[in-house]
There are 2 protein chains.
Amino acid sequence: MATWFQQHRDKFNRALDACKYRYAWSAYPESPSSRIHGTQAAAAGRARFEALLNNDYPLTLPGEMGRVGAEVSPYTGAALGIRYPKVDIDAIMSAAQAAIPPWRDSDVETRVGVCLEILERCAGQLFENAHATMHTAGQSFIMAFAGSGANALDRGLEALVYAYKAMADVPTDADWQRQFGKDSSARLTKHYKLMPRGPSVNVCCATFPLWNGYPALCASLATGNPVIFKPHPNAILPVALVVSVCREVLAEAGFSPDLVSLVTDTRAQPATTALLQHPATAIIDFTGSPHFGQWIETHCRHAQVYTETAGCNAVVMESCQDMAAMCRAVAQSLCQASAQMCTSVQNIHIPAQGIVADGRPVSYEQLADALVAAVEEHLAEPRQAALLCGALVNDGIYATLEKARALGDQQGQILRNSTPYAHPEYPSARTATPLMIALDQSQQTLYSEEFFGPVSFLIKGPSAESCLAIATDNARRCGAIASHVYSINEAFLNAAQDAFNHAGVSVACNLTGMPINFAAAYSDYHVTGLNPAGSACLTDLAFVANRFRIVQRKTLCTASGA
Amino acid sequence: MATWFQQHRDKFNRALDACKYRYAWSAYPESPSSRIHGTQAAAAGRARFEALLNNDYPLTLPGEMGRVGAEVSPYTGAALGIRYPKVDIDAIMSAAQAAIPPWRDSDVETRVGVCLEILERCAGQLFENAHATMHTAGQSFIMAFAGSGANALDRGLEALVYAYKAMADVPTDADWQRQFGKDSSARLTKHYKLMPRGPSVNVCCATFPLWNGYPALCASLATGNPVIFKPHPNAILPVALVVSVCREVLAEAGFSPDLVSLVTDTRAQPATTALLQHPATAIIDFTGSPHFGQWIETHCRHAQVYTETAGCNAVVMESCQDMAAMCRAVAQSLCQASAQMCTSVQNIHIPAQGIVADGRPVSYEQLADALVAAVEEHLAEPRQAALLCGALVNDGIYATLEKARALGDQQGQILRNSTPYAHPEYPSARTATPLMIALDQSQQTLYSEEFFGPVSFLIKGPSAESCLAIATDNARRCGAIASHVYSINEAFLNAAQDAFNHAGVSVACNLTGMPINFAAAYSDYHVTGLNPAGSACLTDLAFVANRFRIVQRKTLCTASGA
């Protein structure tokens, strides 16, 4: 019978090739269309999701001490009522450690094959996982299926490619012989063994629970480390579904299911710091707030730490070919997932004298009006607005909007107020449209803070060059995951690309015709690690190469002389 | 004209192949024989070394504030009288940072080519560098030429191979296009740029100044980072000679020589902590004491840290084929470089009931006597003793010997006392022969401490299994860089290899006929990073992959729809 590695070999080879040349490719279709998945899959997935509600989640873990779970749907306002195992951290850690030896001693292809099978089965549960993501993280169904679903799975496969490449770089054995001095020589056989570091804690965020979840899982598990998922207390289900798949696949392969486990908690009784500071924790992958990310980097020096946090993503507008397309593209970023993405735009830098668009001068005011109008256009059709904006992950976003609105009233100008929009399907959905505030460039302390949610600033600068200088300075100091420039002036465009890159930030130029928040697996490197928005690229050799170490044994075969 | 990368391409390709298959290969001959180097090289090298004595070292650096230097030869007891530039740390750091842009913006082959040329020219100065190493670190000339010379250069080339592989894994550009939804599509060109982290401080140790020096130089410089060498105050010259070569090659290539610079100090006024804690320091490579290594890991969280410190290297003796060869091999480790190597053996674990050797039972006492006799044999011929033992790096080794001797008198049994040996060429040489002390396995607190220098313990355990258990436990808790087992019992040998490997330690079995301290470039992975002896393998992807980061720029070519 073919091994899983052999079964998935073609797909894996295609992923290896895509990573090498970084063209557009996907292993997992991002559309939930019945033309791809058949007519039954959508309904079956929904039914599986609904069967989980108001029930004990079907999972048994070591060290269980009862059940816990307080997830509330951002769409219905109702509790999901799912009760997850609550575990003793020492017990789950011991179980993870006890599971290591056979996994560590298996070969690279076995471990990669298990990860490939896990990804494949996760692809088979994207429908229920999209419902789970929708009713925890607040994403629209289509977004949950694509972004937190297929696209995240692609990033997982991509991380697996890098883990494989790093491990394949180490040969399993060698034959070594040489002369020493005139009279003696020795011949040795050498064996090189990859050793895991130990338990790897994967802290998932509330808004995109699996974006880093799949890559960190694949990077750590393939290299021999057990993985303990720690989902956000309001976004457990999407992660628990993955944990169930992992444990099922591991058990089928003859390994301990405790190689992948789950620690759940509530906001009232958090378990994360105890888990991260556990002396056995060897690796930490974290997605979440910059504040907690910095706490981890300071307090968890016993572990390898990989973070993705957040920053103040900026757009600099200098000129453009097609103003309508530019405004549509940027406005979409302000709306998409209610700007709760790590790539959402917050700061839009515009020169006071306006820009040249479509060959004509356009004033600052005209451009601001056009951006507001483009947002309105995205929101005009209720079903479309709901697909694009989704819901707010928690009530804290309303507080952020309130704070920003007060700031706009007092120190800036509110260009567009935020109000809830009426969700066509879920009347109780927690929603908000974009709040857009005009500020002056001198008010840097206001806009160099991240406002997580649908808050954006139109920042008037004395010149395009000054807008660029401030945007790159902000990125360097406050972090950025995505940055944008619109310019048809070649000299300015080159200067802008250099300025962002030299600030340790990636930059996109003149994007239209596509969601500008989109980060393409196998093509876009993610976090640069050179600014405060985190250290984890997700998909490069640096993300994987230090998750395992090399030990060797060498044995004399023959010796002569001295 | 061929570029340096093209000129050295054949050698580099051979190094790539050797790293892949890890057979025995060397790019640099380790013998100083005139048959290899011609009849002039040795004398010319010596003359160049002697011309440097009692002089200002010919090097001008940014931020000079006078001269400093207090090196004393362990062979003559006389001051070398070489005065090095003393620099202002802020100034040298600013100069390093200012030198980055053109180097960062050059391509991978240019940077690797410069590093290859540096290694080549360093190979051309191995004679003077061996004299420099001898009269600072105390190594014998032959050891200095091979170990701290050619073998270390090989490790530098090996690190360069890994830096190249990690960088070559990132393509320079990509063409990306895809459909979004039914109606829109976008085509982007993408460029990926490697970015250095920033100034890389290379702290070299007193006994083997360039062992980590060349690898850390190549790993950091090739990936775009400026390198600031910080040699030990009594072993500046070997490092300064390399810095001079680097600056010369960089200038010839049209780059700023300040990409490689030097900070010197004295023991009375050390500069290391200020340099390491400088906010601009982005990478630290450290070789030295576990104590200082731990200080760095705790206090320099702003930098990527790679350490090689030390541990308590052990031998477990269970049985052997050829007792004379085994004793000769282990005794050589006790003598070689006066056991001041990171791979020197300290703890020799022997079962109380003795071992089976050459098919006959040998008592513990007989084996202990044979080990002492084997040491005597290595020391019998004065020229041979001098070649093997060299001199002591500093007076502190005498203090260590005194401490160990007192311990042996009070709590163990001195099997062989240490005395200075008479160096045939340098009557004032600071020398010591091996001190060998018998302890009982129960005295673990005594032998689980590193005694740096020619101190070893014969540790009597109740059984071979118990010896193994204690040796691996020690390695796990106190660190180890080299471990040895002698056994012809296949079951025991397998158990021992597993036990050491699972403790995160590499192990060598039944080595005879070669210097067992020898670590082979392109074949032996060095520090495992899984025990307290350090984190830097030197020559794997983990050593290089996080010294640079990736930033990208993507630009819309064509878009349609949306």
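This passage describes the domains, the chain contacts and the salt bridges of a predicted model.

Chain A is a good place to begin. An unreviewed UniProt entry places the feature "domain: Aldehyde dehydrogenase" at residues 85-511 of chain A. Over that stretch, helix accounts for 46% of the chain and strand for 20%, while the end C-alpha atoms sit 45 Å apart. The domain assignment divides chain A in another way, giving domain 1 (4-12 + 57-170 + 197-309 + 536-550) and domain 2 (314-509). Between the C-alpha centres of domain 1 of chain A and domain 2 of chain A the separation is 32 Å. Their contact draws on 19 residues from domain 1 of chain A and 20 residues from domain 2 of chain A. Together these two domains bury about 1400 Å², with 63% of that area on carbon and sulfur atoms. On the side of domain 1 of chain A, Pro74(A), Tyr75(A) and Thr207(A) provide 35% of the area buried against domain 2 of chain A, more than any other three residues. For readers looking for charge pairs here, the rule finds zero salt bridges across this interface between the two domains of chain A.

The contact between the chains can be described in the same terms. Chain B and chain A each bring 77 residues to it. The area buried between chain B and chain A is about 6400 Å², and carbon and sulfur atoms give 52% of it. Ten salt bridges are counted between chain B and chain A. One salt bridge joining the chains pairs Asp169(A) with Lys165(B), whose closest N and O atoms are 2.5 Å apart.

Over all chains, the structure holds 52 salt bridges. Side chains of opposite charge can pair when their charged atoms come close. Within chain A, Arg46(A) and Glu50(A) form such a bridge, at 3.1 Å from N to O. These two residues are four apart in helix α4 (residues 41-52) of chain A, so about one helical turn separates them. Both ends of this pair are partly exposed: the relative accessible area of Arg46(A) is 34%, and Glu50(A) has a relative accessibility of 41%. A further salt bridge in chain A links Arg67(A) to Glu64(A), with 3.6 Å between the closest N and O atoms. Here too the partners are partly exposed, Arg67(A) at 30% relative accessibility and Glu64(A) with a relative accessible area of 31%.

Chain B offers a helical pair of its own. Arg405(B) forms a salt bridge with Glu402(B), and their closest N and O atoms lie 2.7 Å apart. The two are three residues apart in helix α17 (residues 396-411) of chain B, and therefore about one helical turn separates them. In this pair Arg405(B) counts as buried, at 17% relative accessibility, whereas Glu402(B) is partly exposed at 46%.

Helix α7 (residues 108-123) of chain A completes the account. Its 16 residues reach 23 Å from the first C-alpha to the last, close to the 22 Å expected at 1.5 Å a residue. The buried residues of α7(A) include Val112(A), Val114(A), Leu116(A), Ile118(A) and Leu119(A), and also Arg111(A) and Glu117(A). Glu117(A) belongs as well to a network of salt bridges that links it with Arg121(A), Glu248(A) and Glu252(A).

Technical notes:
Residues are numbered from 1 along each chain as its sequence is written. Chains are lettered from A and ligands numbered from 1 in the order in which they are written. This is a predicted model: local features need pLDDT of at least 70, side-chain atom pairs count only at pLDDT 80 or more; totals for chains, interfaces and linings use all residues. Side-chain values use heavy atoms; hydrogens and water are left out. UniProt positions are given in the numbering used here, feature names are shortened, and annotations may be inferred rather than shown by experiment. The expected span of a helix is 1.5 Å times one less than its number of residues. Buried means under 20% relative accessible area, exposed over 50%, partly exposed in between (1.4 Å probe, protein chains only). Domain bounds come from an automatic or database domain assignment. Contact means heavy atoms within 4.5 Å. Buried area is the accessible area (1.4 Å probe) that two parts lose on being put together, summed over both. A salt bridge is a side-chain nitrogen of Lys or Arg within 4 Å of a carboxyl oxygen of Asp or Glu.
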